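Visitor: I have a model open at my bench and would like to know how its labels are earned. Could you walk me through the reasoning?
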Amino acid sequence: MFSKNMYELGAHSSVIREIFEYGKKRASEIGKENVFDFSIGNPSVPAPEIVNETINSLIEKIPSTVLHGYTSAVGDADTRKAIAEYLNKTYETKFTANNLYMTCGAAASLTITFKALCEEGDEVILFAPYFPEYKVFAETAGFKVKTVMCDKNTLQVDLNAFEKAITDKTKAIVVNSPNNPSGVVLSEKTIVEMCNILRNKQDEFGSEIFLIADEPYRELVYDDVNVPYLTKYYDNTIVCYSFSKSLSLPGDRIGYILVPDEVRQSAMIYKAVCGAGRAMGYVCAPSLMQFIIPYCLGKTADISIYKKNRDLLVDAFKKYGYTVAKPDGAFYLFLKSPEENAASFCEKAKKYELLLVPSDSFGFPGYVRISYCVMTEMIERSLPAFEKLAKEYNLTGENNG
Ligand code: PLP
């Protein structure tokens, strides 16, 4: 009568969404100011001024039928050219408008790319911890998902495990740096070694293995950390980008797919991207958003606020005795659960109105994700609750370097 798979996806929302909804319900019961919701990655910092300024000036300048009309299916040519030029200037690359396909954010970039690449029997490798929707997107496109656990100490890719996981069926891997949920930025050393493994495996199996770089957090890094541009390390790299987080525009749904010329059969893959976009109805990303992008390239929301939030939480957690590493990017902290069962820890946290996400759905049990793209003032008010929770587990002092 209907698709059971789709029913299952619709009937059971993600754990993150469930906790977020619980938070809204709880806020209506006890007041918003008494709930400390660290569940969702909805940017708390406003979009930079240039976004609204550009929208206002384009409304004045461009006829409504153009501004709100269809662009070409792959996206406006001038917007794609501006993005290519910006990337070339920033990363010393040689892209053109023809390498770019405009999308409704990273989710669309990923679903289109998976659909464009997947043939029957293909496998995709995800590194855990991973953004839970990857599994949904990849399996819906027909991929068999294989998970490789990151190194427990560094949360960088475990290169030995990665090498062992690649087979002649491996069509793609997904790399997300800065990472949701760990905040880890992959080091250049890890990337170089990972790409060497990929090249060797391609030679061994006579196959093509695509590196899908999911990059919505690229610009969200603190303390001058370098985020290597992956197309420069491995030819078969396809970039899935989104402006959702860098410009604080998650509701406006704008991003792109980049298929560089260096990708094997690049022109054909680009056509497959167009075909996947067409098949899934993802043509012509929101026009108004496309038109503002050339004016906003290289701009970000004020990310110093996220850095302040991160430092506030990391310092407090160390003081209370939690085990947590200071992440380099994104706006998430990955805190070790003081008991093995992270879901049970999250239930205890709820008693103090702290809403945290257990790491099981990220494929990496035993941790919780804390999304710190929230108001700094809420973090300050939440600290006594975190302290009481630590006391319940008899945690003491700085137990983490
Ligand atoms: N990839 C990762 C790692 C994310 O964290 C998210 C959203 O939180 C997405 C993709 C989807 O981003 P978008 O809102 O641009 O579709």
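Guide: Gladly; we will take the ligand, then a ring pair, then some backbone features, keeping in mind that this model is predicted.

Visitor: What makes N180 one of the residues that surround the ligand?
Guide: The test is a heavy atom within 4 Å of the molecule. There are 14 residues around the ligand, and N180 is among the closest, along with D214, Y217, S242 and R253.

Visitor: Why is the approach of the ligand to Y217 called a polar contact?
Guide: The cut-off is 3.5 Å between N or O atoms. A ligand oxygen lies 2.7 Å from an N or O atom in the Y217 side chain, so the pair qualifies. The side chain of R253 also has an N or O atom 2.7 Å from a ligand oxygen, so that pair qualifies too. With A107 the partner is a polar backbone atom, 2.9 Å from an oxygen of the ligand. Overall, the protein covers 91% of the 400 Å² of accessible area that the ligand has on its own.

Visitor: How do you know where the ligand sits?
Guide: It must have more than half of its atoms within 2 Å of the grid points of a pocket or cavity. The ligand sits in the largest pocket. Helix α6 (residues 105–117) gives the largest share of the shell, 3 residues. By class, that shell has 6 nonpolar, 5 polar and 3 charged residues.

Visitor: Why is the pair of F334 and F364 called tilted?
Guide: Ring centres must lie within 6.5 Å, and tilted covers planes that are neither under 30 nor over 60 degrees apart. These two rings are 6.1 Å centre to centre with 45 degrees between the planes, so the label tilted fits. F334 lies in strand β9 and F364 in the loop between β11 and β12, so the pair ties together parts 30 residues apart in sequence. The rule gives a count of 20 aromatic pairs.

Visitor: What makes some backbone spots worth pointing out?
Guide: Most residues other than glycine have a negative phi, and most peptide bonds are trans. Here a cis bond joins S177 and P178, with omega about -5 degrees, and another joins N180 and P181, with omega about 25 degrees. P178 lies in the loop between β5 and α9, and P181 is found in the loop between β5 and α9.

Visitor: Which sign does phi of D223 have?
Guide: A positive one, near 60 degrees. D223 lies in the loop between β6 and β7.

Notes
Residues numbered from 1 in each chain as written. Predicted model: local features only at pLDDT ≥ 70, side-chain atom pairs only at ≥ 80, totals over all residues. Heavy atoms only, no water. Polar contact = N/O pair within 3.5 Å; in protein donor to acceptor, adjacent residues only side chain to side chain. Areas by Shrake-Rupley, 256 points an atom, 1.4 Å probe, with all protein chains shown as cover. 1 Å grid on protein atoms, 1.4 Å probe; cavity = no way out; pocket = protein on both sides within 12 Å on 5 of 7 lines; lining within 4 Å. Helix = DSSP H or I, 4+ residues; strand = E, 2+ residues; numbered from the N terminus. Nonpolar A, V, L, I, M, F, W, Y, C, P; charged D, E, K, R; others polar. Phe/Tyr/Trp six-rings, centres within 6.5 Å; stacked < 30°, edge-to-face > 60°.
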